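Please keep the model open in your viewer and follow the stops below in order, making each selection before reading on.

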Amino acid sequence: MNPALRRMKDLPSTHLLGAGSAMCAGCGGLLALHEIYDLLGARTVFVNAASCMTLLASYPFTPFRGSWLYTAMASAPAGAQGVRDALDILIGQGRLPPEEDLTAVALTGDGAATGIGLSATSGAIDRGLDFIYLCYDNEGYGNTGQQSSPATPLGARTATSGGAHGHAASKKDLFAIWVAHRPVYAATVVGADPLDLARKIDKARALTGPRLIHALAPCPPGWSFDPAEAVEIGRLAVKTGVWPLKEYVDGKVVHTHVPHPRLPVEEYLKRQGRFRHLFEPERDVQVLARIQSQVDAYWAEVCA
Amino acid sequence: MRRLLTGNAAAAWGARLARADYVPAFPITPQTEIIELLAQWFDSGELRGRLTLLESEHSMLTAAAAAAATGVRVFTATSSQGLLYAMEMLYTVPGWRAPFVLVNVSRGLASPITLESDHNDVLAARDSGFLQFHCASCQEVVDSVLLAYRLAEDPRVRLPAIVNLDGFHLSFTREPVDLPTAEAAAAFLPPFESHGIGFRASRPVSQAVAVLGGSAYSYFRYETHLAAEQALAAHGAIAAEFAQRFGRPHEAVERYRSDDAEIVFFMIGAFATKAMDAVDRLREAGVAAGLVRPRLLRPYPAADLQRALAGRRAVAVIDQNLSVGKGGVLHGELASVLYGQPDAPLLASYVGGLGGRDISAEEFFQIARELQDAVLAGRVPPPRLLYTAGELRQMRNLQAIAAAPGIAGARA
């Protein structure tokens, strides 16, 4: 661990990412991005896929001090590939001084990361592309009004899963998909735990190769909670074990925080309107039990 | 240096002579030979830079444009289904104003899935913002790649370009090709100039950002269109310089024995050479026939076409494509620039040569007869889909086999 990142007061307070963007109040993705950008800095080019954050850079404004390239929903990793290859060629042939180099960062939502862009992601990891993939995960197609995505959790009500029991499938495991590719680094983070996040970004930026930063992004309009509660929701995701904080490095998965005692998942679920139908008008005992048992099973395996 | 080269090898040589820095690639028949050759040259050091195999054409086009936007000279190639798989990016990247060259080796589109050539693939990219060159010979392929880089990188233009060649008929046909020396190619095509476009630590930029509202959107769309229009004049000057350096004129519109022709065939691509042969034989028989062939399809050389066809009596547009429910694409395009022009010819529409289907000399003669009749009658014949009675008989045989009871049926 970087000894410079022991306590909260060791975190940078540069606020490199400008304010006044088009994101929603209380956006958990933006919170994480603020924290991450302070550490990655402006010597970056953010290669973006269609998502909420596409509107961060709206002509003629951008909150980024560094560079930005919008691509399309499915191919941000391929855009990062083109930028990386071109910089390598220019620097390798002496046509560009090495100090002009940049880190390529693919910035996508969970829809691109777990669905339409998965093939491009898999290809980029497979090629050993030197890039950071930053996925802010609001567990649905947030920009279009929170339809179910592959990252939507079991039981959540979305614009396309409005039935009595909410979303019928379980959340696709993006972290495990990355780990199966044996990348140089993968980590889950949440803006509500800035110290854990900072240590992981610090570790990631020192490495070369494909690196995943998967940030849970509590989404006030999509998950239906008051923007003021965004940080608390993020904390509860960790404390209930719903969002495990972990990293994959040197071929091993390590949990950077094991919640103990672990709160019941209901403490997390009941604070969000997207799960209200599990409590009102009557408790959906079956779905609640399934969610709790999935989380229990996960941690039983971790702690075995 | 004169060598026997396939159309694919000529395309690869074009990229080599252009000193392409970067080739994002994905294999597809009948294009694959191009990227295999380039891969060999990167491996052997005959080309400096990098070839990266992507996992799809959509990613390939994204990487190509992202690299061009970072400041290197990019070459890539695809065909047919691959071009369509990349279509979202094909329409996206011209607006980045980061020029590069894409070779498309034309091949008919599914369904049914097939391998041989027609032009529906490249015409699907017609409105994308890519410039389009259409080749009729292997010599033209290598020359057009060099011309395409010069035009695409011109400060007045700054748009990506497609160089199209016909699958099989050109891609796998060996022809003698005069290869410019590396020095001569370098004198014609200077090193890549990024004109300030590129990602640098000292110079942060935002590229391809979103706009909100139709006004800003329209502005940037019009800018791209006007740049493509400026490519017409720029092409004239660049082609003239090319002719002076290499002795091969490649005008936007090729006119073959058409200046004094009464009837004219109008085609793009390799099958136009079949039309040339038909023109020679018609001339021997006393028919004043000619061929007009646009090499440049985007920007559309409207004024050149109006001049080339003014005073001709009748034109047969032979489309190797099919806009389902409309007909030949090139026919409609040509009609739009001839309508209302003084001395405009009668314009007839023929669709043929789909999926590599031949267009025979007899068919050209038949078309010529129909044009002559149209001139006499002063009336345009209805559009025709070229298909012979013999082909239909063969097709009926195939259908009989397809419908025959199989083993299960025989048992029952």
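The tour begins with one chain as a whole, passes to the contact between the chains, and ends with some backbone details.

Before selecting anything, bear in mind that this is a predicted model.

**Chain A as a whole**

Select chain A and colour it by secondary structure, which should bring out ten helices and eight strands. The radius of gyration of chain A is 19 Å, close to the 19 Å that the globule rule gives for 304 residues, so chain A is as compact as a globular protein of that length. If you draw a box along the principal axes, the C-alpha atoms of chain A fill roughly 70 × 45 × 40 Å. Colouring by burial would show that buried residues make up 51% of the 304 residues in chain A. A contact map is useful here as well: among the contacts in chain A between residues at least 6 apart in sequence, 67% join residues at least 24 apart.

**Where chain A touches chain B**

Now show both chains and select the residues in contact across them, where 39 residues of chain A meet 39 residues of chain B. Which elements of chain A each supply at least two residues to this side? They are β2 (67-70), α2 (76-92) and α4 (118-126) of chain A, and of the elements on this side α2(A) gives the most, with ten residues. Colouring the side of chain A that touches chain B by residue class divides it into 19 nonpolar, 13 polar and seven charged residues.

Stay with β2(A) and add strand β9 (residues 206-207) of chain B to the selection, since these two strands pair in the parallel sense over two bridges. Centre the view on A:W68, whose bridge partner in β9(B) is B:S206.

**The two domains of chain B**

Hide chain A and colour chain B in two parts, with domain 1 covering 2-192 + 208-246 and domain 2 covering 255-392. The C-alpha centres of these two domains of chain B lie 27 Å apart, and 24 residues of domain 1 are in contact with 21 residues of domain 2. On the side of domain 1 of chain B that touches domain 2, the elements giving two or more residues are α6 (120-124), β6 (131-134) and α9 (214-246) of chain B, with α9(B) giving the most, at five residues. That side of domain 1 of chain B divides into ten nonpolar, nine polar and five charged residues.

**Cis peptide bonds in chain B**

Go next to B:T29 and B:P30, which are joined by a cis peptide bond with omega of about 5 degrees; B:P30 is found in the loop between β2 (22-25) and α2 (32-44) of chain B. Then select B:S111 and B:P112, where a cis peptide bond has omega of about -5 degrees, B:P112 being placed in the loop between β5 (101-106) and α6 of chain B.

**Positive phi in chain B**

Select B:A208, which has a positive phi of about 60 degrees although it is not a glycine, and which lies in the loop between β9 and α9 of chain B. Is B:A208 buried or exposed? B:A208 is buried, because 23 other C-beta atoms lie within 10 Å.

For the last stop, select B:D343 in the loop between α12 (329-338) and β15 (346-351) of chain B. B:D343 has a positive phi of about 60 degrees, although it is not a glycine, and B:D343 is exposed, with 11 other C-beta atoms within 10 Å.

Notes:
Residues numbered from 1 in each chain as written. Chains lettered and ligands numbered in written order. Predicted model: local features only at pLDDT ≥ 70, side-chain atom pairs only at ≥ 80, totals over all residues. Helix = DSSP H or I, 4+ residues; strand = E, 2+ residues; numbered from the N terminus. Rg over C-alpha atoms; globule rule 2.2 N^0.38 Å. Buried ≥ 20, exposed ≤ 12 C-beta atoms within 10 Å, placed from the backbone. Contact = placed C-beta atoms within 7 Å. Domains from an automatic or database assignment. Nonpolar A, V, L, I, M, F, W, Y, C, P; charged D, E, K, R; others polar. Pairing = 2+ DSSP bridges.
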